[in-house]
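Grab your viewer and let's work through some ring geometry together. Each exercise comes with a worked solution.

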Amino acid sequence: MSTTKNSGSTSVSSNFFSRENLKFSIHNLSYLPRWIIVMMDFSVLVVSFFFTILIFKGTGLDYIVTPHTFRFIAGFFGVNVFFFWLFRTYSGIIRHSSYIDAVKLLFSQMAVLIIFLFFNFSYELLYGQKAFLNTAIFINIVLSFCGLFLYRVIIKQTFELYFSDQGTNKLIRTIIYGTDANAISVANALKFETPSRFKIVGFVDKNNQNATKRMLDLPILVKKKKLPPLMRSVNAQAVIIADKSLSKEEQLIIVDQCLEFNYTVYTVPLISDWENQKEISQKVKSIQIEDLLERKPIVLDSKLISKQLKDKTILITGAAGSIGSEIVRQVLIFNPKTVIILDQAETPLHHMCLEMKSSGSNSAIYTVIADVRNKEAMNNVFRLHQPQVVFHAAAYKHVPLMEENPSQAILTNIEGTKNLADLSCFYNVKKFVMVSTDKAVNPSNVMGASKRIAEKYVQSLQFKNTNTITKNTTKFITTRFGNVLGSNGSVVPLFTKQIANGGPVTITHPDIIRYFMTIPEACQLVLEAGAMGNGGEIYIFDMGKPVKIIDLAKKMIKLAGFIPDKEIKIQIVGLRPGEKLYEELLNDTSKTLPTHHDKIMIAEEILDDFEALNIDINELIGIANNFDNDAIVSKMKKIVPEFKSMNSAFELLDK
């Protein structure tokens, strides 16, 4: 029985002194009180003082010449403590000591040296002899400074080595791409962060100019050709892109090379953009597909946009949607007098309203739940608020859904636009900016055709108003762009969700390509086009290079850390009704004109006669209210002759 007890107590004792318990206690060690640091510093002074005495005694010289030894010693230590207090050498956290703490120690010890040299000179003048050896006091001060500085360095390094050692196997061996100030700051922040997430093993200089040098005691690695072989040579698992001088093309090359060999790529914002530098790990994030598809920032004509929006009343339809909500955010930057955000979706509009209230904007913001198809409701909004600029982003946009419900596409996309355009004329709105889509070009589906008819209507209405002698003629402007990253229902959020669920990632066709633009980028161009428009223009945007959707899917799978077709399957499901392989920005008969903005062009479309088009549209709306799908689509094809259905039951109507 007693043996069992003893073994039990031994086990408890060994557990108490185990590495885990010791690690826990050290890890949770709070900062030392200041009086303990002062006592440690004082101990260093005492040791240095006696070392100096021993050194000079060995040479046959006395450090202290004056017979008042006790007073001298008391004065020496008292002055040291005074300058510790004056320079607050004890106030720093030792484990986080920096060169500033070293400077404080140097100043305090230099002050002591100056004071005592002056005292010794005065003492010699008064009593005809020195109180102590000047050389000895100098040696004493040097030893004191070295001791004070050295023990801080030892404690700092001990903590760094201990915390960097703990869980080393879990740390991600990482190289930092860049050698500029931003890269050094990132490395410093990651190096001193606790708990650590990364183990930095070196820097990469893209110009290979400092290959023989070191930074932060880490090597600057030579990148001869590609990055992966270099990473393999130092057993790195990831790279953090911290060099902000890299172009988008250079970043893409690095990412493609790393993803090919399943290395993780991280990106980090500029140090100046960090709100809290202690949370660096939260700033270092895996590079996203949006980062790779974004282009150079768009330079806006702020003066022109401000002239259009500042102190004006702005109506934004579809304001709870991905495009409409971003238009709201960007419009508020230009300090309009009033912003009316209108949508029929209650919950998203409520969220948008809460966001606007917390934005700190000085503009008056009104929230309206209404349907653009209801002309009486729209008339009430115009009559009550008298908007001067209208951004019309409300629309049904999902191609397969509109193929199944063509009447809804007509009533929202066409009748809704017609209601707003007519009311804009009646209430003398200055500018009406309609958000359209590249699917309106040579449309192959009901949604695209409905947007093309809406484009035709506002353009012909502009032409009619121009030829009519009226005052305050509304300027109608159309903006046309392709797929928007992150918008509701776009392919990127869909792929992200499918990857998170373990796949498969579904693609309609292996050859399908699309143009992509970010939401802020698209909305910036909408504001710019709206500001520069004189009425009647259809603006098309530079969408950059087309992206093959299957390549996009593979890249997203790799960015998520999986292997395409092995860990995450890619499944081809076939083209959806009305879907094209290639989207276009221009009709076959159209031409483009340049503008002062290199990313915005004007599409020259054939103008329709307003009266004839108005009659056709009214007939189309009447048919839509009867929900006869074939009759609806047949009428649409008469209004838009280039509308040829693809992968759709309505292909029969083209024969």
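**Aromatic rings, step by step**

A search of the whole structure turns up 23 aromatic pairs (Phe, Tyr or Trp rings, the six-membered one for Trp, with centres within 6.5 Å; planes under 30 degrees apart are stacked, over 60 edge-to-face, the rest tilted). Keep in mind that this is a predicted model, where local features need pLDDT of at least 70, side-chain atom pairs count only at pLDDT 80 or more, and totals for chains, interfaces and linings use all residues. Residues are numbered from 1 along each chain as its sequence is written, and side-chain values use heavy atoms, leaving out hydrogens and water.

**Exercise 1.** Classify the pair formed by phenylalanine 49 and tyrosine 63.

*Solution.* Step one: the centres are 5.4 Å apart. Step two: the planes make an angle of 45°, so call it tilted. Step three: phenylalanine 49 belongs to helix 3 (residues 34–58) and tyrosine 63 to the loop between helix 3 and helix 4 (69–87), so the pair ties together parts 14 residues apart in sequence (helices are DSSP runs of H or I, at least four residues, numbered from the N terminus).

**Exercise 2.** Now do tyrosine 63 with phenylalanine 72, and say whether each is buried or exposed.

*Solution.* Step one: at 6.2 Å centre to centre and 75° between the planes, this pair is edge-to-face. Step two: tyrosine 63 has 3% relative accessibility, so it's buried (under 20% relative accessible area; exposed is over 50%, partly exposed in between; 1.4 Å probe, protein chains only). Step three: phenylalanine 72, at 6%, is buried too.

Note on methods
Helix = DSSP H or I, 4+ residues; strand = E, 2+ residues; numbered from the N terminus.
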